[in-house]
Amino acid sequence: MRMSVPYMIGSGTLGEGAAMKRRDFLIGLGAAAGTPLFVAPVRPALASRQMRDLTARPGMAGLLGDGLPQTPIWGYDGVAPGPVLRFRQGQDVVIAFRNALDQPTSVHWHGLRVPNAMDGVAGVTQEPVPPQGSFEYRFRVEDAGTFWYHAHNRSWEQVARGLAGMLVVEEAVPPAVDHDVAMVLDDWRLENSGKIHEASFGSIGEWAHGGRLGNIFTVNGGPAAEIPVRAGDRVRLRLLNSANARILSVRFPGHAPLLVALDGQPVDPRPLGEEAVTLAPGQRADLMIDMTLAPGASAAIEEVSTREPYRFATFRYSPDPPQRTAPLDPPARLPDNPLPGEPVLDGALRVPLRMEGGAMGRMPGARIGDGPTMGMRELAAAGKVWAFNGVAGMPTEPLVSVKSGRTVVVDIENDNAWPHAMHLHGHHFRVVARNGNAVARSDWRDTELVHRGERVSIAFVAGGPGKWLLHCHMLEHHAGGMVTWVEVV
Ligand code: C2O
Ligand code: CU
């Protein structure tokens with residue numbers, strides 16, 4: 001049996017002395033390899049209404065594992081990641097949110113089609129909730145799938161401090177599985193003391209590069225997870241990348257997962273094969289994994305985006321024989337969600353979105369809001385190092401103003417040196433062209449990774465009225481200027 005290897009992601013931005021090495025911590029301490037993770041889903045009652053309290057407050061988290069220093073975090077209900085919120089499709093949800101932090105905050109429901117006033121974007125769809133303040137979020141969960149919720153005020157700091165959690169909406173008739181497992185994957189920048197590395201918050205140099213990367217990888221707020229299973233079981237695994245800026249890749253040696261949903265929307269079940277599933281910040285994937293090994297076996301789940309694969313979770317088979325005699329039928333496609341419809345490209349509104357700036361890129365200059373055109377140096381002094389269409393930060397005018405029901409195509413052009421994870425609030429879109437080539441019926445996404453040098457056109461049908469953010473989900477890029485909005489009227 002292989003032990004989970006303690007992990008340190010080389011961030012390259014901290015001095016050697018400051019860089020945290022969990023391995024060093026663990027040597028001689030005999031820390032446990034992982035903690036049991038599986039919790040049987042508590043199926044919400046069929047009531048059409050669900051009420052819940054949710055409080056953002058400081059807490060302590062055992063990010064490094066047992067016997068190692070704890071980390072002071074900000075978390076929903078004081079834990080990081082926040083509790084998995086589980087609802088049923090079609091329910092009316094009321095979330096009584098309270099802010100017990102010293103900083104104003106708000107909660108965004110990433111991927112959910114909520115009324116604009118409930119979208120949780122501080123300064124755009126609501127005033128930030130002040131310390132000791134509260135806000136009632138009310139919406140119907142229209143789509144089943146794997147979503148998440150996170151802070152949307154100073155998110156580059158607040159999400160990095162732990163204000164993020166998974167939100168699961170169960171299908172009216174959930175597919176038969178033996179285990180429904182949620183895994184929130186994250187990276188953290190910690191000091192040797194276990195404290196969050198605060199000096200790097202707001203580092204413009206990092207904002208102009210790939211963002212603030214962590215040096216510690218966690219799954220559900222710890223170094224490793226165990227999934228106890230029996231041979232013949234079926235696991236539904238819900239993966240979320242809640243990191244500020246790091247792109248993750250996950251592989252399942254020994255098993256043959258089927259990908260069944262991306263960003264909360266069903267896809268035709270497709271085998272991953274040897275391939276890793278890549279998750280940009282904000283993205284989710286749902287996988288069906290049959291436990292095809294023998295009783296007593298174990299197999300890893302690995303993160304493979306760095307040189308050294310990191311085993312962050314283990315399927316631990318019990319020695320007992322399978323609980324069923326015949327294997328399960330292959331998983332069917334999950335039922336489609338009631339999205340507002342297929343994009344119609346003929347006569348669609350088309351807008352370009354040029355991504356400019358960043359280190360090693362060129363940005364002739366940009367404006368902040370309605371202000372005068374500024375040079376790179378001046379912009380950086382104002383905390384802006386990125387721009388969309390020549391505007392750094394939230395523009396006063398929307399990227400496009402569109403009637404509900406009409407199709408919009410955004411032609412995204414990344415001619416800078418970095419990948420960007422573009423997220424559109426309140427909508428799912430399809431990629432309809434990549435580098436000039438038409439793409440037919442790609443997967444629905446709410447967050448799409450646009451690599452350096454790529455041109456990606458996305459299309460969506462304008463949904464509910466309001467101001468919907470479109471931004472890079474590398475949260476430092478967002479803060480550094482990569483944000484605009486779509487107005488639906
Ligand atoms: Cu996941 Cu604008 O956010
Ligand atoms: Cu970006």
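E198 counts as partly exposed, at 44% relative accessibility, and its side chain forms a salt bridge with R161. The model you are looking at is a predicted one, and a search of the whole structure finds 32 salt bridges in it. Below is a friendly tour of some of those pairs, followed by a copper site, a pocket and one loop residue.

**The E198–R161 pair**
- The closest N and O atoms of E198 and R161 are 2.9 Å apart.
- E198 sits in the loop between β10 (179-188) and α3 (204-208), while R161 sits in the loop between α2 (155-158) and β9 (164-170), so the salt bridge ties together parts that are 37 residues apart in sequence.
- R161 has a relative accessible area of 10%, so this residue is buried, whereas E198 is partly exposed.

**Other salt bridges**
- As background, side chains of opposite charge can pair when their charged atoms come close.
- R333 and D268 meet through their side chains in a salt bridge, at 2.9 Å from N to O.
- This pair links distant parts of the chain, with R333 in the loop between β20 (310-317) and β21 (349-357) and D268 in strand β16, 65 residues apart.
- R333 has a relative accessibility of 36%, so this arginine counts as partly exposed.
- D411 forms a salt bridge with R350, and here the closest N and O atoms are 3.0 Å apart.
- Because D411 belongs to strand β26 (residues 407-414) and R350 to strand β21, the pair ties together parts 61 residues apart in sequence.
- D411 counts as partly exposed because its relative accessibility is 24%.
- Salt bridges with shared partners also build one network, which joins R86, R88, E170, E171, D180, R236, R238 and D286.

**The copper site**
- The copper ion (ligand 2) has H420 (ND1), C472 (SG) and H477 (ND1) as its protein donors, at 1.9 to 2.1 Å from the ion.
- H420 lies in strand β27 (residues 420-424) and C472 in strand β33 (residues 466-472), so these two donors tie together parts that are 52 residues apart in sequence.
- Along the chain, the donors of this copper ion follow the spacing H-x51-C-x4-H.
- H420 is buried, because its relative accessibility is 0%.
- C472 is buried as well, with a relative accessible area of 0%.

**The second largest pocket**
- The volume of the second largest pocket is about 440 Å³.
- Its lining is made of 19 residues, and those closest to the pocket centre are L262, R270, T278, D443 and R445.
- Strands β15 (258-262), β16 (265-271), β17 (277-279), β28 (429-434) and β31 (447-450) each contribute at least two residues to the lining of the second largest pocket.
- Sorted by class, that lining holds eight nonpolar, four polar and seven charged residues.
- Strand β16 thus appears under two topics: as a supplier of the pocket lining and as the home of D268, which pairs with R333.

**Q91 in its loop**
- Q91 is found in the loop between β4 (85-88) and β5 (92-99).
- Q91 has a relative accessibility of 2%, so this loop residue counts as buried.
- A polar atom of the Q91 side chain lies 2.8 Å from the backbone nitrogen of R88.
- R88 is also one of the residues joined in the salt-bridge network described above.

Methods
Residues are numbered from 1 along each chain as its sequence is written. Chains are lettered from A and ligands numbered from 1 in the order in which they are written. This is a predicted model: local features need pLDDT of at least 70, side-chain atom pairs count only at pLDDT 80 or more; totals for chains, interfaces and linings use all residues. Side-chain values use heavy atoms; hydrogens and water are left out. Helices (H or I, at least four residues) and strands (E, at least two) are DSSP runs, numbered from the N terminus. Buried means under 20% relative accessible area, exposed over 50%, partly exposed in between (1.4 Å probe, protein chains only). A polar contact is a pair of N or O atoms within 3.5 Å; within protein, one must be able to donate a hydrogen and the other to accept it, and residues adjacent in sequence count only if both atoms are side-chain atoms. On a 1 Å grid over the protein atoms alone, a cavity is a set of points where a 1.4 Å probe fits but cannot get out, and a pocket is an open set with protein on both sides within 12 Å along at least five of seven lines; lining residues have an atom within 4 Å of a point. Grid points are joined across faces, edges and corners, and a volume is the space filled by probe spheres set on the points. Ala, Val, Leu, Ile, Met, Phe, Trp, Tyr, Cys and Pro count as nonpolar, Asp, Glu, Lys and Arg as charged, and the others, Gly among them, as polar. Donors are N, O and S atoms within 2.8 Å of the metal (3.2 Å for Na, K and Ca); water is not among the atoms, so sites may look incomplete. A salt bridge is a side-chain nitrogen of Lys or Arg within 4 Å of a carboxyl oxygen of Asp or Glu.
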